[in-house]
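Here is a friendly walk through the model shown below. Keep the sequence and the 3D view open side by side as you read.

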Amino acid sequence: MFTLAEVASLNDIQPTYRILKPWWDVFMDYLAVVMLMVAIFAGTMQLTKDQVVCLPVLQSTVNSKAQPSASGKADFTTVETTTGQGEEASMRTVSFGSAPTVTPDIPLSRATSSQYQPTESGQELKKEQKDSSGRKTNLDFQQYVFINQMCYHLALPWYSKYFPYLVLIHTIILIVSSNFWFKYPKTCSKIEHFVSILGKCFESPWTTKALSETACEDSEENKQRLTGAQSLPKYVSTSSDEGSPSASTPMITKSGFKFSADKPMIEVPSVTILDKKDGEQAKALFEKVRKFRAHVEDSDLIYKLYVGQTVIKTVKFIFILCYTANFVNTISFEHICNPKVEHLIGYTQFECTHNMAYMLKKLLISYISLICVYGFICLYTLFWLFRIPLKEYSFEKVREESSFSDIPDVKNDFAFLLHMVDQYDQLYSKRFGVFLSEVSENKLREISLNHEWTFEKLRQHVSRNAQDKQELHLFMLSGVPDAVFDLTDLEVLKLELIPEAKIPAKISQMTNLQELHLCHCPAKVEQTAFSFLRDHLRCLHVKFTDVAEIPAWVYLLKTLRELYLIGNLNSENNKMIGLDSLRELRHLKILHVKSNLTKIPPNITDVAPHLTKLVIHNDGTKLVVLNSLKKMTNVAELELQNCELERIPHAIFSLSNLQELDLKSNSIRTIEEIISFQHLKRLTCLKLWHNKIVSIPSSITHIKNLESLYLSNNKLESLPAAVFSLQKLRCLDVSYNSIALIPVEIGLLQNLQHFHITGNKVDVLPKQLFKCVKLRTLCLGQNCITSIPDKVSQLLQLTHLELKGNCLDRLPATLGQCQLLRKNGLVVEDHLFDALPPEVKEVLNQDTSIPFANGI
């Protein structure tokens, strides 16, 4: 027999799982315990007191009327045996033999007394006969024991004998069914993980802080406290999320707002600080919840298992109720037994009594009542399971009661577990939802970020860029630290790979900020911050992957002068360059687009009248439609790089104000259209480098005002004399071609200051080259030059001379007469420099205060 402790271990679920046991499961567990107690009580009673007593039914018709009283008397005065075994039966037999009031063998002795003479007196015999009244049965004690045992198994209904064991088995099955989903290998790990995470989320200090801040976020008292907090110390690290109802939106649509630079509005959020250790634990919880959700939402095994075990319990209830109800009436006190052992005892029928019948019947009725209650609860559970879609869970109420409007709905097993938790306490789900919200996670990151990036640490990262401006570059942070906006002298701010960048009103303190870089950083701004940027920002760089990442407020910066867009702008998204159009950028002067355009976006023409510089850098995608260029009448600088152009676009010839044209890295083979440049009276710089040009037409002479000509990295084999008729030419770059001869006409370029012919096939330098006395940069490297004429001394303004990669044996000593040439401006092999006379080397090694400039 099981002990209560052993059976109770089947229902030993960890206390932490109680949050997943709704009231009906708890109630059914208690009912199972009560049924278990009924089984154990009935079993104990049956082992100790289960008795069947039988007497023979006499067949004499004469004594039939007296039989009931005689048999009734004999039942309680003559035989009292049990179905017990071993020692108990023998003990009862012994006590029976010693009892003076029980005389089972008197009738038998009286039947045989006629063979002997009585030894006692007549009075004693009469007295004995008078006291020994009753029916003789011719049965001794051992025969009664035998009959009682046989009739226990033959006459007693099986349900009376096995009722305690059936109740125990049924109860164990119900207990196992109730807790199977906690023990099944495929589900127990998920449940254990869920309970662990749920408990940590419930107790996390971040949960309490997030919900408490949400509760007071919209209160008037809190707003008053925030507006009065402007007197806080300047370098206090605070959170920038509170105090602005639109902080989570790219743009704020309030109208009638005016920005005042004299009295900037500083919105100071709550200064409550979260412990650093708690913050790290909270961040770990966010990651655990994210992974757990991805793991559990892909299946509904837990839901199906719970439904299955509930159906099993319901079927079990119906089965127990059906067959048990039929056996209630079979349990009775009296039973007729026909053991068919007449050859042993001489009787065929016995009437037996079962002294446990009354108790068993009461226990059975109690058990049926418990089963009925249990079954009704199972039916209610099924109703609850199928009444609402438990594989879907919405945090709608939590979203309404908090500022975390982005808490996502969940499904499958994740949703079912949350529904089960709601039956225990809905506060668990509410607190758990905090860790499903990206807004909540971002707030936590901001708090942790402000702990790490203090004002002093940010100050150490400020540097001077090439334009000698104070610059701060923040890379791959979770957000923008609040202390950044305390760097009031900062001029350039670069934000790179910061997915949740928010620009608060505090940016209005940075009155020196003029340049902002957003590299894969779709920043969101508050209304006050936008007003400040609209009035102060002059240069904006936006690098993106998809055009949708460009913040909408970018197109509303009315005072913006320079805009750099770098990212994917395919043909389908070209129209999106002008979100709300670029026409609002009235002061835009420079537009730089580095992308994969097939045509110039029409929206660019909205700002065309104001543009002075347009740069389009393609990734090799062919730029086909260029008619929009005709509208850009004020463009002075135009760059069309890597656009797969095969000829100079005719639309360019309409740009009367064009001063500089750069067609680098295209596929231009011929430039016969260059004659049309004579209409561009202001064109001074022409860059046709990194193309496939094989010759320069003589019509180039018509570009009278040309000052710089770049033809490097082409396929030129010669320089026509027409090039040297450009008297205003100051810079000529024909590096990395196949030119073998420098024409003597080069001496006509009296204004030439920079001449580059590196990487060609030149072997002789004409003396006329040294008539260009204004030369400051002369690059002759990687050619076949064997000697440098002594007339190089005529280049008194020479500051940079490149000779490395030639066939020189020596350098002329007259290099020392080039007054501005120094060793750092002389690019030549070391052995050639060492071969120079000492006095020449001494002159070249002298320090000079004249800055190096090559004009390129």
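## A cysteine in a strand

Cys54 sits in strand S1. This is a predicted model, and the values that follow were computed from it. Is Cys54 buried or exposed? With a relative accessibility of 1%, Cys54 is buried, because the cut-off for that label is under 20%.

Which residue stands opposite Cys54 in strand S3? The residue facing Cys54 there is Cys352. In sequence the two cysteines are 298 residues apart, yet their C-alpha atoms are 4.0 Å apart in space. Leaving out residues up to four places away in sequence, Cys54 touches Tyr144, Ile147, Asn148, Cys151, Phe350, Glu351 and Cys352.

## The sheet around it

Now zoom out from the cysteine to its sheet. Strand S1 belongs to an open sheet of 3 strands, ordered S1-S3-S2, with antiparallel pairing. Strand S1 (52-56) and strand S2 (334-337) are the edge strands, each pairing on one side only. From one strand to the next, the twist averages 25°.

The pairing of S1 with strand S3 (residues 350-354) is antiparallel and runs over 5 bridges. Within this pairing, Val52 has His354 of S3 as its bridge partner. On the other side, S2 and S3 run antiparallel and are joined by 4 bridges, with Cys337 partnered by Phe350 of S3. S3 is mostly covered, with 4 of its 5 residues buried.

Which helix lies across these strands? That is helix H7 (residues 141-154), which crosses S1, S2 and S3 and runs at about 115° to S1. Tyr144, Ile147, Asn148 and Cys151, listed above among the residues that Cys54 touches, fall within the H7 range of 141-154.

## Annotated transmembrane regions

The unreviewed UniProt entry annotates residues 27-47, 162-182 and 364-386 as "transmembrane region". How does the model draw these stretches, and what is the helix content over residues 27-47? Residues 27-47 are 100% helix and 0% strand, with the end C-alpha atoms 30 Å apart. Residues 162-182 are likewise 100% helix and 0% strand, and their end C-alpha atoms are 31 Å apart.

## Two helices that cross

Another place to look is the meeting of helix H9 (residues 185-203) and helix H18 (residues 426-433). These two pack at an angle of about 80°, and their axes are 9 Å apart. H9 and H18 are therefore roughly perpendicular to each other. On the H9 side, the contact is made by Phe194, Ile197, Leu198, Cys201 and Phe202. H18 contributes Leu427, Tyr428, Arg431 and Phe432.

## Nonpolar cores

The largest nonpolar core has 132 residues, and Phe677 and Phe755 are those with the most contacts inside it. Helix H21 (residues 527-536) supplies the largest share of this core, 4 residues. Apart from this core lies another, of 81 residues, which includes Tyr17, Met35, Trp384 and Val398.

What does Phe677 contact beyond its neighbours within four places in sequence? The partners of Phe677 are Ile648, Ile652, Phe653, Leu661, Leu683, Leu686 and Ile703.

## Two loop residues with positive phi

Most residues other than glycine have a negative phi. Met476 has a positive phi of about 55° although it is not a glycine. Met476 lies in the loop between strand S7 (470-475) and strand S8 (492-496). At 54% relative accessibility, Met476 is exposed.

Asn642 also has a positive phi, of about 55°, and is not a glycine. Its place is in the loop between strand S16 (637-641) and strand S17 (660-662). Asn642 is partly exposed, with a relative accessible area of 28%.

## The chain as a whole

To finish, step back to the full view. The chain has 23 helices and 24 strands. Of its 856 residues, 49% are buried. Among contacts between residues at least 6 apart in sequence, 58% join residues at least 24 apart. The pair Cys54 and Cys352, at 298 residues apart in sequence, gives you a place to see such a long separation on screen.

Notes
Residues numbered from 1 in each chain as written. Predicted model: local features only at pLDDT ≥ 70, side-chain atom pairs only at ≥ 80, totals over all residues. Heavy atoms only, no water. UniProt positions renumbered as here; feature names shortened; annotations may be inferred. Pairing = 2+ DSSP bridges. Axes fitted to C-alpha atoms, helices over the stretch in contact; angles between N-to-C directions. Contact = heavy atoms within 4.5 Å. Core = buried A, V, L, I, M, F, W, Y, C linked by side-chain atoms within 4.5 Å. Buried < 20%, exposed > 50% of the residue type's maximum accessible area, 1.4 Å probe, protein only. Parallel < 35°, antiparallel > 145°, perpendicular 65-115°, else oblique.
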